[in-house]
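Open the model in your viewer and have the selection tool ready. We will go from stop to stop, and at each one you will hear what to pick and what to look for.

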Amino acid sequence: MKKVSKLIAIMAMICLLAGMLFSYDYIIENAHHHCSGEDCPICMEIEAAVHFVSSLRVILMLSFVMAVLCVFTRVVTSVGNHAGVKKTLITLKVELLN
């Protein structure tokens, strides 16, 4: 099951990156087109591509922040478990027999 979810995540990432690259390409190629007026279909498509890219930037930034927080949390919990253990006679299992 994990392999299927990893494959789905990789495919989704590839689709998002391809969409972003094609949007950038469309914006660059049609930036200096001959505009036909107020209802220019190319201008509308450029605006849609800009909106798509700007929304992806927010999603990518949020996912990066979440990844950093996950790594930070994992590091803190692994260090925190070892830092709180104190060496006492009981934790060292020393028998005090007289």
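Start by selecting residues 2-29, which make up helix α1. This is a predicted model, and the helix gives you a quick check of its geometry. At 1.5 Å a residue, the 28 residues of α1 should span 40 Å, and the end C-alpha atoms are indeed 40 Å apart, so the two agree.

Stay on α1 and color by accessibility. Which residues of α1 are buried? Pick G19, M20, S23 and I27 to see them.

Now try three other residues of the helix. A9 lies in α1 and counts as partly exposed, because its relative accessibility is 46%. I14 also has its place in α1; with a relative accessible area of 46%, I14 is partly exposed. Y24 is in helix α1 too, and its relative accessible area of 29% makes it partly exposed.

Next, use the distance tool, C-alpha to C-alpha, from each of these residues to a partner elsewhere in the chain:

- Y24 to I46: 22 residues apart in sequence, 9.4 Å apart in space.
- I14 to C35: 21 residues apart in sequence, 33 Å apart in space.
- A9 to I90: 81 residues apart in sequence, 48 Å apart in space.

The next stop is a pair of cysteines. Select C40 and show its side chain; at 3% relative accessibility, C40 counts as buried. How far is the sulfur of C40 from the closest cysteine sulfur? That closest sulfur belongs to C43 and lies 3.8 Å away, which is too far for a bond. A disulfide is a covalent bond between the sulfur atoms of two cysteines. For this assignment the two sulfur atoms must be within 2.5 Å, and the structure holds 0 disulfides.

Move on to the second helix, α2, at residues 41-83, and then to the segment that comes after it. Select K93, which lies in that segment. Check its backbone torsions: K93 has a positive phi of about 60° although it is not a glycine. With the surface switched on, you will find K93 exposed, because its relative accessibility is 72%.

Finally, zoom out to the whole protein chain and switch to a cartoon. How many helices and strands are there? The secondary structure comes to 2 helices and 0 strands. Along its principal axes, the C-alpha trace spans about 100 × 30 × 15 Å. A compact globule of 98 residues would have a radius of gyration near 13 Å, whereas this chain has 27 Å.

With the whole chain still selected, turn to its surface. Of the 98 residues, 10% count as buried. The accessible surface comes to about 9000 Å², and 72% of that belongs to carbon and sulfur atoms.

For the last view, color the charged side chains by sign. The chain carries 8 positive and 7 negative charges, and the mean positions of the two groups are 36 Å apart.

Key: Residues numbered from 1 in each chain as written. Predicted model: local features only at pLDDT ≥ 70, side-chain atom pairs only at ≥ 80, totals over all residues. Heavy atoms only, no water. Helix = DSSP H or I, 4+ residues; strand = E, 2+ residues; numbered from the N terminus. Expected span 1.5 Å × (residues − 1). Buried < 20%, exposed > 50% of the residue type's maximum accessible area, 1.4 Å probe, protein only. Rg over C-alpha atoms; globule rule 2.2 N^0.38 Å. Areas by Shrake-Rupley, 256 points an atom, 1.4 Å probe, with all protein chains shown as cover. Lys, Arg positive; Asp, Glu negative; His and termini not counted. Charge placed at Lys NZ, Arg CZ, Asp CG, Glu CD.
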